[in-house]
Amino acid sequence: KVVTPAARREAAGRLQTHGLSQRRACAAVRLHRSTARYPARPRDDAALRGRLRELAALHPRYGHPLLHALLRREGLVVNRKRSYRIYREEQLSVRRRTRSKLRRERLQLLPSPGPGRRLSLDFVSDQLSNGRRFRVLNVIDDFTRECVMQVVDTGITGERVARELKLRGLAPAQLVCDNGPEFTSKALFLWARDNGVQLAFIQPGKPQQNGFVESFNGKFREGCLSAHWFRDLSEARELIEVWRVHYNTERPHSSLGYLPPAIYAQQFAAEAQPAAA
């Protein structure tokens, strides 16, 4: 246990009341006599406290290090511990701003009601032969599993996503996407509101809630991105478009009875047409 000099002085004073000399009392508590004779000189911190409150009111987001630097520049204080003691006594601590966690309700991955009724969106990134990164926006029809659109560019913003959807005439009842800045942008929100489209956001860190496009991303990376070495962006767009056509029209899909998505969509439309008639 650490005994402070103030506690030793107090103990020596109590021993002196019992008739002991200062020398014997200090020796009993192992206190130097100069420490026992030291008179307390309390500092007048009124000016320091007032100036500290003024600076804290003038700079409400300044913490103790910055306020201490200002006080030291003015010559009011040198010892950091002294300014920190007064800073705590005046209750000037600044609350740290913490970012609130994004909370979404769990999105159940239910079967799509029909072709074009629900689309899933996600990004995949890769790089060219010169090391430059580019991104691919994949848009999947959850019912037919068709890749209805792929946008390839070095940078794709929310405005670009909304513009591409508008140019392709895509206006489903629901868009399933993650919480990336492109999908939570004002431009996509306004486009969805104007076209009566519901934006269905998955929970953060739950990519399985967007399983249709995540499954497509794996096939796309294995069959196209990992199989080619793109020299420039135009070549990447050309080869990716060739693979998209192959995926939609030729590649068998296990969940569609091993039919290509485009053929499955044609058969579904042909069967639905007599029923509607």
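Q: Which residue holds the cysteine sulfur closest to the sulfur of Cys-147?
A: Good place to start. Bear in mind that this is a predicted model, in which local features need pLDDT of at least 70 and side-chain atom pairs count only at pLDDT 80 or more, while totals for chains, interfaces and linings use all residues. Residues are numbered from 1 along each chain as its sequence is written, and side-chain values use heavy atoms, with hydrogens and water left out. A disulfide is a pair of cysteine sulfur atoms within 2.5 Å. The closest cysteine sulfur to that of Cys-147 belongs to Cys-224, and because the gap is 10 Å, it is too far for a bond. For Cys-177, the closest cysteine sulfur is in Cys-147, 16 Å away, again too far for a bond. By this rule the model has zero disulfides.

Q: Is Cys-177 buried or exposed?
A: The terms rest on relative accessible area: buried is under 20%, exposed is over 50%, and partly exposed is in between, with a 1.4 Å probe and protein chains only. Cys-177 is buried at 1%, and Cys-147 is buried with a value of 1% too.

Q: Which way do the residues of β4 point?
A: As a general idea, side chains in a regular strand alternate between the two faces of the sheet. Strands here are DSSP runs of E with at least two residues, helices are runs of H or I with at least four, and both are numbered from the N terminus. From β4, Gln-174 and Val-176 point one way and Leu-175 and Cys-177 the other, and all of them are buried.

Q: Which strand does β4 pair with over four bridges?
A: Two strands pair if DSSP finds at least two bridges between them. With four bridges, β5 is that partner, and the pairing is parallel. β1 also runs parallel to β4, joined by three bridges. Gln-174 is a handy residue to follow: Arg-118 has it as bridge partner, and Gln-198 in β5 stands opposite it.

Q: Which residues touch the most other members of the largest nonpolar core?
A: Nonpolar side chains in soluble globular proteins tend to be buried together. A nonpolar core is a set of buried Ala, Val, Leu, Ile, Met, Phe, Trp, Tyr and Cys residues joined through side-chain atoms within 4.5 Å. The largest one has 21 residues, and Leu-121, Leu-137, Val-161 and Phe-183 touch the most other members. Elements giving two or more residues to this core include β1 (118-127), β4 (174-177) and β5 (198-201). Apart from it lies another core of 18 residues, among them Leu-128, Cys-224, Leu-225 and Ala-236.

Q: What does Arg-244 contact, beyond its neighbours within four places in sequence?
A: Contact means heavy atoms within 4.5 Å. Arg-244 meets Cys-147, Val-148, Met-149 and Gln-150 in this way. Arg-244 sits in helix α10 and is buried, at 16% relative accessibility. Its C-alpha atom lies 9.0 Å from that of Glu-146, although the two are 98 residues apart along the chain.

Q: How many aromatic pairs are there?
A: Rings of Phe, Tyr and Trp (its six-membered ring) pair if their centres lie within 6.5 Å; planes under 30 degrees apart are stacked, over 60 edge-to-face, and the rest tilted. The count is 10. One of these, Tyr-84 with Tyr-87, is stacked, with 6.4 Å between centres and 25 degrees between planes. The two tyrosines are about one helical turn apart because they lie three residues from each other in helix α6. Tyr-84 is partly exposed at 37%, whereas Tyr-87 is buried at 5%. Phe-216 and Tyr-247 instead meet edge-to-face, at 5.0 Å and 80 degrees. Phe-216 lies in helix α9 and Tyr-247 in helix α10, so this pair ties together parts 31 residues apart in sequence. Phe-216 and Tyr-247 are both buried, and with Phe-220 and Trp-243 they form one aromatic cluster.

Q: Where does the charged end of Arg-135 sit?
A: A charge sits over a ring if NZ of Lys or CZ of Arg is within 6 Å of the ring centre and within 35 degrees of the ring normal. Arg-135 places its charged end over the ring of Phe-123, 4.0 Å from the centre.
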